[in-house]
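Let's take a friendly tour of two sheets and the helices beside them. Please keep the structure open as you read.

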Amino acid sequence: MKLLIIEDEKALADSIYSYLQQKDFVCETAASFTEARDRIEQYDYDCILLDINLQDGNGLELLKALKSNHKRDGVLIISARGSLEDRVSGLQLGADDYLTKPFHLSELGARVAAIIRRRHSAGSNFIRLEDILIDVQARSVTVRERSLDLTRKEYQLLLYFAYNKGRVVSRNAIAEHLWGDDTGGNYDFIYTHIKNLRRKLGEAGAGDYIQSVYGMGYKLTIS
Amino acid sequence: MIRGILIHELDDALRVEEAEILSHVHTLDQLPEPSSYRDQQISFAPAATPVRRQFINFTRLEHHRHDEWQPYRQLLFPVTVKGQVYTASVTKSEEETEDLLAWIMLVTAGMILVLLGMLFMANRLLLRRIWQPFYQTLDGLRRFDLSKRESIVHAPTTIEEFRHLQTVVQQMTEKIRKDYEMLRDFTDNASHEMQTPLAIINSKLDLMIQDQQLKEMHHRQLQAMYDAVGRLRQLNQSLLLLTKIENNQFGQAAPVALEILIEKKLIQMEDPIRVKHLTINADVLPCELQMNAYLTDILLNNLLGNAIRHNYERGTLNIVLRQEFLQISNTGAPLSFDPATIFDRFTKGGHSEGTGLGLAIAKQICDNYGFALTYAYEDGMHILRIQFKHSMTRAGHSEFRQNAVLDSPHE
């Protein structure tokens, strides 16, 4: 899988690069509009992370160029502009998703993974975690052919961990992903949901893959 | 004056009569027959000395005419026949004169009224036509909405003052629009400038916690940093949102079914509600408002979020929704600050983790829609109440009525 990170803020580009760079992802970075344009013209990417506020040009122009050349690259817009119009115009131009700064890297990881899954495993709507099988289309989970009865939040949690497997996901990132800003300043219920999810997975006979990391986050590890 | 003229006429007639009598006496040297008709009497009376020629007015009670006092005009003059001096008197009734006078007055008054009426109508029509460009400009100003990009349409006019007015209005609205757009750009730029550093800090924290060498004490510090960055992010977003609402940058009001939104919100917030073991009493009747969907969501979010966050463990949260109002009340400790400042920015209790902007945003949204948001603390309950403008539920009617009121001054 090949990713292109178009971001003129070097510190942020580095962070994204280190988080996404792993054995099946090859990341490249472009720090300017012109550099990005050259890259896009020469290569195909599975997913392009596009900051639309570049020093030397509007990222939306790159998106337009991509679409007019009938390129099939997935595009995730990263923008500091959270206004509704920007979001709508970005998606209308053919972007797959839109993420507003600041974001958690785990959120970014989940969105990128979702885009790649939708684009490249056409027909395959399944994510496998050892003995756990997630059917993204049906929003259902089976462990060794046995269907699990998960609540919506538990399902979302598991999917989020699956997209960020092997990495520590902070409690704050989970709260924002699942509840937005509606947490009322209390994160206690995250613990309850994770406890329930682990219990249900355990009862179905799956391995205990979700570990707590000092109470500040969680990590799904598949050996 | 007319009366004077008529009396003069009458006097002339009397004088003609006098001349006739005098010429009769002169030629025949004898008195004519005294005569007495309804409107003219002539009589002669012997006199010792010649009477002084004079006109007199008098009134006489007329028995044959319903006992009314009738005015008369009389001319007395001396006549000498065969050495004998007589006083001749010619009397004419003024009654006809009075009648004529009344008619003339009536006709004149009628004419004046008709003329005045015509003048008034002509004036009105003319004035309306002349002032029409002015009212059109006024109307344009009234309808002027910054968030829409429409210019004010001016009626063409040859009147210099109105042309001046139109130019000034045009320049003013252009300037306002330019400033408004600059402000919007500023909002967007401020957002960009602050969000990127925040994104960098956040991403570095996300990377840091991947490090397996970290000790528990590091994690605790990292958690504090996470929370601080999270608050900064919320603060920044709330400030931008507040500016945007203030600038009325949210158009597109659509019918919103508040009762359904409240149900949805309660489902969304079931986790925080469950953690605090709150009792929810929702007494909700259908209520449809014309609002922007996003702002409605934020309004409910902030009010309900507040009622949950500042509630006691095992407290209650009451929601009452009617056509005219929404009232959200919750148990909670009394405010540690002046209740009058509750809707001010950055007003919050010492223990609060919030930004202190939630209610300021709610207030701003209510202000934009003309709703009245009020706070009260009664019997241990914090009560937030939104009184909707009654006409909001019947927008068409209100608009019509408002226009009628505004139109009346120049009608």
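Which residue in β9(A) does A:Phe126 stand opposite? The partner is A:Asp135. Please bear in mind that this is a predicted model.

## The four-stranded sheet

That pair belongs to the antiparallel pairing of β8(A) with strand β9 (residues 132–135) of chain A, which runs over four bridges. Together with two further strands they make an open, antiparallel sheet of four strands, ordered β8-β9-β10-β11 (chain A). At its edges you will find β8 (126–129) and β11 (146–148) of chain A; each has a single partner strand, so one side of each has no neighbour in the sheet. From one strand to the next, the twist averages 25°.

Now look for helix α6 (residues 152–163) of chain A. This helix lies across β8, β9 and β10 (140–143) of chain A, and runs at about 110° to β9(A).

## The three-stranded sheet

Further along chain A, three strands build another open sheet with antiparallel pairing, in the order β12-β14-β13. Its edge strands are β12 (168–170) and β13 (210–213) of chain A, each pairing on one side only. Ignoring direction, neighbouring strands here are turned by 30° against each other on average.

Three bridges link β12(A) to strand β14 (residues 217–220) of chain A in the antiparallel sense. In this pairing, A:Val169 stands opposite A:Tyr218 of β14(A). Helix α7 (residues 171–179) of chain A packs on this sheet, where it touches β12 and β14 of chain A. The direction of α7 makes about 65° with that of β12(A).

Key
Residues are numbered from 1 along each chain as its sequence is written. Chains are lettered from A and ligands numbered from 1 in the order in which they are written. This is a predicted model: local features need pLDDT of at least 70, side-chain atom pairs count only at pLDDT 80 or more; totals for chains, interfaces and linings use all residues. Two strands pair if DSSP finds at least two bridges between them. Helices (H or I, at least four residues) and strands (E, at least two) are DSSP runs, numbered from the N terminus. Axes are lines fitted to C-alpha atoms, for helices over the stretch in contact, and angles run from 0 to 180 degrees between N-to-C directions. Two residues are in contact if their C-beta atoms, placed from the backbone, lie within 7 Å.
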